[in-house]
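This report describes the strands, the nonpolar core and selected side-chain contacts of one protein chain. The chain is shown below.

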Amino acid sequence: MIDNEGLFAADLIGRRLLRVTTAWHHHADDEPSLVHLWLEMEGLGPVLFHTPSTGLLLLLDEPHGGYSMEEHGSVSVVDDSPDVPVTPFVGQRVRSVREIGYSDGHVEFVPAALSGFLVSEPGRSSARCL
């Protein structure tokens, strides 16, 4: 597969999660905010979860390095951060995917490719990831 190639949610089913990579924006004394999320999937490589507008796209894409945004702060890139809810599921397989919509009366989140997936192992807890 090639970089920036789009994936379908079903492409994740049965694949083992190998690594979680995140990019965080840091500015002044603000809490860091998540900019990008990549899940490295067995047999696929890194999958970028991209949120254009009101949807979610899955793209094959290599994580970038950190960088400075001068007076606007900086971006750091971290592997397997314990602050990311899906990190404890590294090594497990994606068992299913679901389309999960959201509407707050003002904004409707319509998934372009995927809004959530379930990671689990038989007999263990599972995580729903959005």
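## Salt bridges

R19 has a relative accessible area of 31%, so it counts as partly exposed. The model is a predicted one. R19 forms a salt bridge with E40, and the closest N and O atoms of the two are 2.6 Å apart. This pair links distant parts of the chain, since R19 is in strand β1 and E40 is in strand β2, 21 residues apart. E40 is also partly exposed, at 21% relative accessibility. The cut-off for buried is under 20% relative accessible area.

The count of salt bridges comes to two. The other pair is R93 with E42, whose closest N and O atoms are 2.9 Å apart. R93 lies in strand β7 and E42 in the loop between β2 and β3, so this salt bridge ties together parts that are 51 residues apart in sequence. R93 is partly exposed, with a relative accessible area of 23%. E42 is likewise partly exposed, at 31%.

## Sheet

Six strands make up an open sheet, with antiparallel pairing and the order β4-β3-β2-β1-β6-β5. The edges are taken by β4 and β5 (67-68); each has a single partner strand, so one side of each is left without a neighbour in the sheet. At the β4 edge, β3 and β4 pair in the antiparallel sense over four bridges. In this pairing V47 stands opposite L60 of β4.

## Strand β1 and its partners

Which strands pair with β1, and over how many bridges? β1 and β2 pair in the antiparallel sense over eight bridges, and six bridges join β1 to β6 (residues 74-79), also antiparallel. On the β2 side, T21 stands opposite W38. On the β6 side, H25 stands opposite V75. The hairpin of β1 and β2 has six residues between the strands, and within this hairpin A28 takes a positive phi near 50 degrees.

Seven of the ten residues of β1 are buried, so the strand is largely enclosed by the rest of the structure.

## T22

T22 is placed in strand β1. Is T22 buried or exposed? With a relative accessible area of 1%, T22 is buried; the cut-off for this class is under 20%. The side chain of T22 is joined to that of W24 by a polar contact of 2.7 Å.

Leaving aside residues up to four places away in sequence, T22 touches L34, H36, L37, W38, S76, V77, V78, S81 and V84. W38, one of these contacts, is the residue of β2 that stands opposite T21.

## Nonpolar core

In soluble globular proteins, nonpolar side chains tend to be buried together. Here the largest nonpolar core has 20 residues. Those with the most contacts inside this core are L12, L39, M41, V47 and F49. V47 is also the residue that stands opposite L60 in the pairing of β3 and β4.

Two or more residues of the core come from each of these elements: β1 (17-26), β2 (33-41), β3 (45-50), β4 (57-60) and β7 (93-98). The contributors thus include β7, the strand that holds R93 of the salt bridge to E42. They also include β1 and β2, the two strands linked by the salt bridge of R19 and E40.

Key
Residues numbered from 1 in each chain as written. Predicted model: local features only at pLDDT ≥ 70, side-chain atom pairs only at ≥ 80, totals over all residues. Heavy atoms only, no water. Core = buried A, V, L, I, M, F, W, Y, C linked by side-chain atoms within 4.5 Å. Buried < 20%, exposed > 50% of the residue type's maximum accessible area, 1.4 Å probe, protein only. Pairing = 2+ DSSP bridges. Salt bridge = Lys/Arg side-chain N within 4 Å of Asp/Glu carboxyl O. Polar contact = N/O pair within 3.5 Å; in protein donor to acceptor, adjacent residues only side chain to side chain. Contact = heavy atoms within 4.5 Å.
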